[in-house]
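Visitor: I am new to this structure. Please show me how to read its features, one at a time.

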Amino acid sequence: MSEVIQLEGLSKSYDRFELRDITVGIKEGYITGLIGPNGAGKTSLIQMIMGMVYPDQGEIQLFGQNHLLHQAAIKDRIGYVSDENIYYERLTVNQMKRIIAPFYSRWNEDIYQKYQERFKLPQDKKIKDLSKGMKIKFSLAIALSHDADLLIMDEPTSGLDPIFRRELLELLSEHIQDEKKSILFSTHNTMDLDRIADYIVFINDGRLVFNEMKESLTEKYLLVKGGRELLDRDVRRWFIGIRETAVGFEGLIGNRAEGERYFKDTAICEIPTLEEIMYFTVKGSEAHA
Amino acid sequence: MRNSIYLIRKDFFLVRKFLLLLIPYYIIIGFTNVDAYSVFALLPAMLILLNACAMDVLDNNQRFQISLPVPRHQLVLAKYLSLIPYAIISLICTLLLYLSGVLSGQISEPVAWRELLLTIATFPVLAAFYLPLYFWLGQKGMQIVNFAFIMLIMLNITATSHLAKRFPALLDWIHPQTSSHILLWAIGGVAYIFLLYCSYLISLRIFVKKDI
């Protein structure tokens with residue numbers, strides 16, 4: 001199985017934040033969710049992949065090519081949806097499209113028109129007068145109209161109403177039917193990824209926590225709920241993160257088999273959601289920091 | 001090259017409303033200073049450039065450019081190539097101003113080509129200093145730099161007329177009948193191209209490694 005994005009030992013220092021030694025591969029033909037809390041480094045990572053920010057160390061390869069040496073050819077195959085508007089606010093939707101279209105070798109005007117109608121994009125409205133959801137829809141229409149092999153989307157569902165949110169997820173599922181297409185989708189709303197993602201890349205505090213198939217996460221992690229009397233010093237060490245209340249605790253264990261063996265008769269054992277995995281991992285890392 | 005044309009086209013999309021402001025500008029100049037028409041060829045070109053650059057850094061728009069399938073060095077090159085159409089627009093507008101001066105009887109002299117072309121040629125020289133600053137500062141500090149450059153242009157216009165009064169030889173030199181010193185023109189031409197090329201290399205060095 002080939003990798004459409006390969007990140008090798010990426011590091012980048014900012015004033016108050018650091019991405020450290022990120023090595024990860026994004027599989028071709030799948031939807032990969034990039035998750036992490038706010039400020040974890042998701043946008044920085046995407047900006048590095050897009051060549052907007054340079055890593056201090058490490059190498060980025062897209063479609064098997066160095067992303068700096070083949071910038072134009074690589075970006076011709078990428079559809080990018082940013083978390084914030086990057087288009088010229090004073091131009092209309094139609095003017096902006098007319099600026100963008102000639103740059104792409106595989107631009108398809110019919111497909112753009114189809115999405116324009118589907119998303120009800122007002123052609124003569126200025127970008128600045130569009131709602132956030134409409135801006136995302138416009139970005140998406142552009143990204144889908146040049147037959148991109150890789151969609152890179154930074155928080156695309158934030159600011160969308162629930163109806164279009166679902167429609168977008170369906171759209172992405174349709175897009176991925178062609179096995180050569182891949183999607184990297186960053187979000188902190190894990191419910192979106194529960195629905196459509198095949199792989200999950202989790203970063204926290206600038207470090208890679210895991211890059212796993214979504215299905216394998218349920219085989220690996222276990223959510224345990226029980227009374228506090230079960231927690232002694234040795235047991236606590238098994239947990240990635242624990243939330244304690246006056247009456248009991250909830251905690252995430254990274255070794256499901258071992259957790260089930262120990263807790264199956266004394267506590268409630270559940271399959272954790274992505275949100276729970278993210279929550280307890282972040283909580284655990286804060287406790288150990 | 002094709003990408004550079006598309007990028008210049010993009011700049012024209014951005015400044016199209018500003019271009020309309022040139023009409024009242026030239027009408028006012030036509031009424032007030034039509035006899036010194038040639039020195040007013042500089043300001044519009046520089047203002048178009050300043051406007052296009054300002055629009056590019058306004059709302060994360062450099063990120064948009066980076067997201068396009070265009071290498072960074074072509075983004076820099078397109079900004080330098082855009083100086084040509086801006087200069088041509090200024091030249092055409094100034095010639096139209098001259099023509100209207102002739103038709104209204106306010107100008108009887110033939111076109112001062114050398115003076116006019118020297119004024120137009122000053123535009124890329126100013127741009128050679130401006131563009132590296134633009135690529136270096138981006139959105140931060142550009143308002144101050146833009147203000148400084150507009151002041152510089154205004155000073156340039158008044159300084160030219162003062163210099164001409166103080167040094168009549170300068171007027172002789174730019175007069176069309178004065179014989180041309182080929183060697184002087186050649187040295188000036190090489191220095192001019194060298195300056196522009198150095199400016200381009202500096203901009204390239206700044207922008208190609210810059211985090212946007």
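Guide: Keep in mind that this is a predicted model. Let us begin with a sheet.

Visitor: What is the strand order in the open sheet that holds β2 of chain A?

Guide: Read a sheet from one side to the other. Here 4 strands lie in the order β2-β1-β4-β5 (chain A), and the pairing is antiparallel. At the edges are β2 (18–27) and β5 (65–66) of chain A, each of them paired on one side only.

Visitor: How many bridges join β4 to β5 in chain A?

Guide: Strand β4 (residues 57–62) of chain A and β5(A) are joined by 2 bridges and run antiparallel. For one position, look at Q61(A), which stands opposite N66(A) in β5(A).

Visitor: Which helix lies across β1, β2 and β4 of chain A?

Guide: For a helix on a sheet, read what lies beneath and at what angle. Helix α1 (residues 42–49) of chain A lies across β1 (3–13), β2 and β4 of chain A. This α1(A) runs at about 115° to β1(A).

Visitor: What is the order of the open sheet that includes β12 of chain A?

Guide: The order is β12-β13-β11-β14 (chain A), an open sheet of 4 strands with antiparallel pairing.

Visitor: Why do β12 and β14 of chain A each have one side without a neighbour in the sheet?

Guide: Look for the edges again. Both β12 (239–244) and β14 (268–270) of chain A stand there with a single partner strand, so one side of each has no neighbour in the sheet. On average, neighbouring strands of this sheet are turned by 20° against each other, direction ignored.

Visitor: Which helix packs on this sheet?

Guide: That is helix α10 (residues 256–263) of chain A, which touches β11 (222–226), β12, β13 and β14 of chain A. The direction of α10(A) makes about 20° with that of β11(A).

Visitor: How is β12(A) joined to β13?

Guide: By 5 bridges, with β12(A) and β13 (residues 249–253) of chain A running antiparallel. One partnership is that of E244(A) with F249(A) in β13(A).

Visitor: Now the two chains. How many residues of chain B are in contact with chain A?

Guide: For an interface, read the residues, then the area. Here 30 residues of chain B contact 29 residues of chain A. The two chains bury about 2,800 Å² between them, with 58% of it on carbon and sulfur atoms. On the chain B side, R63(B), F64(B) and P69(B) lose the most area to chain A, together 22% of what that side buries.

Visitor: How many salt bridges are there between chain B and chain A?

Guide: Side chains of opposite charge can pair when their charged atoms come close. Between these chains the count is 2 salt bridges. D211(B) forms a salt bridge with K12(A), where the closest N and O atoms are 2.5 Å apart. There are also 17 residue pairs in polar contact between the chains.

Visitor: Which element of chain B gives the most to the side that touches chain A?

Guide: It is α1(B), with 9 residues. By type, the residues on that side of chain B divide into 14 nonpolar, 5 polar and 11 charged.

Visitor: Where does the salt bridge of D192(A) and R165(A) sit in the chain?

Guide: The two side chains meet at 3.2 Å, N to O. D192(A) is in helix α7 (residues 190–196) of chain A and R165(A) in helix α6 (residues 162–175) of chain A, so to read this pair, note that they are 27 residues apart.

Methods: Residues are numbered from 1 along each chain as its sequence is written. Chains are lettered from A and ligands numbered from 1 in the order in which they are written. This is a predicted model: local features need pLDDT of at least 70, side-chain atom pairs count only at pLDDT 80 or more; totals for chains, interfaces and linings use all residues. Side-chain values use heavy atoms; hydrogens and water are left out. Two strands pair if DSSP finds at least two bridges between them. Axes are lines fitted to C-alpha atoms, for helices over the stretch in contact, and angles run from 0 to 180 degrees between N-to-C directions. Contact means heavy atoms within 4.5 Å. Buried area is the accessible area (1.4 Å probe) that two parts lose on being put together, summed over both. A salt bridge is a side-chain nitrogen of Lys or Arg within 4 Å of a carboxyl oxygen of Asp or Glu. A polar contact is a pair of N or O atoms within 3.5 Å; within protein, one must be able to donate a hydrogen and the other to accept it, and residues adjacent in sequence count only if both atoms are side-chain atoms. Ala, Val, Leu, Ile, Met, Phe, Trp, Tyr, Cys and Pro count as nonpolar, Asp, Glu, Lys and Arg as charged, and the others, Gly among them, as polar.
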